[in-house]
Amino acid sequence: MRFAKWMLFSKTPKPIVHIIATTALIISVCASLWTGEADAKTTSSATWSDIEARGINQDVYFHAWGGDPQINRYIQWVAKQVKQQYQINLHHVKLTDTSEAVSRVLAEKSAGNNTQGQVDLVWINGENFAAMAKHQLLAPNWVAQLPNFSLTDPDNNPAMTRDFGVPTQGMEAPWGKAALTFYYDSLATQSPPQTLQQLSEWVKQHPGRFTYPKPPDFLATSFLKYALIVLNNAQPEAIKNRLYQPATAQSQALLLPVLWQYLDELHPYLWRKGRHFMSSGMELRRLIGDGELALAFTFSAAEIPAAVARFELPDSSRSYRMQDGSLSNIHFIAIPYNAAHANSAKLLVNFLLSPRAQAKKQQPSVWGDISVLATSKLTAEQQAWFNPSAQSHPSATIANQAISPALSEPDPSWSKVIAKLWLERYGVMQ
């Protein structure tokens with residue numbers, strides 16, 4: 001879903017270094033116990049009662065994309081709940097791009113700030129996670145400490161511990177599911193395209209009524225990855241599987257030409273003849289609302305009925321998922337290695353994984369974000385909270401998600417490659 005947005009991403013020490021590191025760790029733990037707030041890395045063996053005792057009555061700075069009013073209101077609701085339960089003061093640091101939080105933590109590490117980081121929690125997945133994991137910017141092995149993590153049934157649901165195919169190693173907790181969703185104005189077109197190939201034909205029949213954002217915007221790369229997967233669907237399995245491995249020069253040569261050929265044919269019929277691309281999905285929605293576009297897409301399906309209710313989109317708006325597949329992923333939340341309030345962040349994440357918070361988030365009128373909890377792990381009463389019949393379904397909510405197969409995210413390296421090559425090929429026209 002976007003999630004939210006541009007989504008990026010120990011070594012065994014030598015003997016003497018190990019001694020120094022061990023001494024430093026002991027000092028760090030003692031200091032943490034004195035202040036009542038231990039770093040996430042030092043509490044791997046702490047009981048949940050210990051974490052609760054250390055985490056109450058603290059501030060938590062949650063760095064998360066702030067571009068959707070509906071999501072922002074949900075986080076405000078969460079803030080009230082954790083204030084009542086744990087006396088935690090939740091501060092939503094609204095990001096326009098998740099890379100802002102990545103850069104902040106990296107800068108703090110470069111400056112030697114290893115205990116008092118300004119980012120306590122970050123909404124993340126894909127490339128951003130891969131980047132933070134590579135530079136050892138995330139606290140490891142903390143997710144299993146959360147009592148509610150077991151409700152995701154990770155033993156039987158490996159997606160809960162893999163981010164774009166990369167093992168999370170306890171560095172991030174799943175928060176929700178999302179899938180690429182198209183929407184249209186039913187007064188402007190009554191037969192929207194149902195496949196990528198039909199999209200090409202539809203655009204030629206409706207020139208100027210569709211476009212997509214400019215990479216590296218998350219929604220832009222999501223559309224391009226969807227196209228890349230579908231266009232290579234006829235390839236032998238051994239070649240298709242390279243999408244789920246780090247991109248190499250050879251795999252790029254095998255898989256990318258068909259994407260560029262498709263875009264070369266598509267662009268002349270896009271909005272402004274493909275010579276200008278807006279910077280975000282929010283601008284796509286604005287162009288639909290203004291009547292300039294008839295078809296667009298999002299990674300936050302619930303934003304469509306919500307935008308209709310706010311009179312930002314016409315009542316004639318409808319949403320659906322492509323029949324040849326929907327790029328799908330799980331979005332996560334992670335604690336940086338130097339978070340100043342790591343235990344408080346764990347209390348917050350555990351609440352976010354509670355059946356109450358997940359059911360609230362899944363309501364179309366609230367967010368519509370699909371829960372990561374396994375129904376089999378819930379009581380009968382809790383399962384009823386997620387009953388679709390108990391939730392309102394405005395006409396703009398998704399019509400055919402059941403017949404749209406989920407397309408797994410490629411390896412994170414492909415997002416970077418696609419964005420770079422797209423800019424080299426088409427960016428000069430901006």
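R285 and E312 form a salt bridge. Their closest N and O atoms are 3.0 Å apart. Keep in mind that this is a predicted model. Where do the two partners sit? R285 lies in helix α11, and E312 lies in the loop between α12 (303-309) and β9. So the pair ties together parts that are 27 residues apart in sequence.

Are these two residues buried or exposed? R285 has a relative accessible area of 5%. The cut-off for buried is under 20%, so R285 is buried. E312 is at 35%, which makes E312 partly exposed. The pair also has company. R285, R310 and E312 are linked in a network of salt bridges.

Now, how many salt bridges does a search of the whole structure find? The count is 8. Let me show you two others.

Take E409 and K225. Their closest N and O atoms are 2.8 Å apart. E409 is in the loop between β11 (406-408) and α16 (413-426), while K225 is in helix α7 (residues 218-231). This salt bridge therefore ties together parts that are 184 residues apart in sequence. Both E409 and K225 are buried.

Next, E424 and K420. Their side chains meet in a salt bridge at 2.6 Å, N to O. Both residues lie in helix α16. They are 4 residues apart, about one turn of the helix. E424 has 49% relative accessibility, so E424 counts as partly exposed. K420 has 51%, so K420 counts as exposed. The cut-off for exposed is over 50%, and that is why K420 gets the label exposed.

Back to helix α11, residues 281-289. This helix lies across β7 and β8, and runs at about 150 degrees to β8. Those strands belong to a sheet. In which order do its strands stand? The order is β8-β7-β9, 3 strands in an open sheet, with antiparallel pairing. β8 (295-298) and β9 (317-320) stand at the edges. Each has a single partner strand, so one side of each is left without a neighbour in the sheet. Neighbouring strands here are turned by 30 degrees against each other on average, direction ignored.

Look at one pairing in that sheet. β7, residues 181-185, pairs with β9 over 4 bridges, in the antiparallel sense. F182 has Y320 in β9 as its bridge partner.

On to another set of strands. Strand β1 covers residues 59-65, and 5 of its 7 residues are buried. So β1 is largely enclosed by the rest of the structure. β1 pairs with β2 (residues 89-95) in the parallel sense, over 7 bridges. One example is V60, whose bridge partner in β2 is L90. How does the chain get from β1 to β2? The chain crosses through helix α3, residues 69-86, and this β-α-β crossover is right-handed.

β1 also pairs with strand β3 (residues 121-124). That pairing is parallel too, over 2 bridges. Here F62 has L121 in β3 as its bridge partner.

Last stop: S328. You will find S328 in strand β10, residues 326-334. The S328 side chain reaches the backbone oxygen of S326 at 2.9 Å. Which residues is S328 in contact with, leaving aside neighbours within four places in sequence? They are A178, A179, A406, L407, S408 and E409. You have met E409 already, as the salt-bridge partner of K225.

Notes: Residues are numbered from 1 along each chain as its sequence is written. This is a predicted model: local features need pLDDT of at least 70, side-chain atom pairs count only at pLDDT 80 or more; totals for chains, interfaces and linings use all residues. Side-chain values use heavy atoms; hydrogens and water are left out. Two strands pair if DSSP finds at least two bridges between them. Axes are lines fitted to C-alpha atoms, for helices over the stretch in contact, and angles run from 0 to 180 degrees between N-to-C directions. Contact means heavy atoms within 4.5 Å. A salt bridge is a side-chain nitrogen of Lys or Arg within 4 Å of a carboxyl oxygen of Asp or Glu. Buried means under 20% relative accessible area, exposed over 50%, partly exposed in between (1.4 Å probe, protein chains only). A polar contact is a pair of N or O atoms within 3.5 Å; within protein, one must be able to donate a hydrogen and the other to accept it, and residues adjacent in sequence count only if both atoms are side-chain atoms. A crossover is right-handed if, with the strands pointing away from the viewer, the path from the first strand over the helix to the second runs clockwise.
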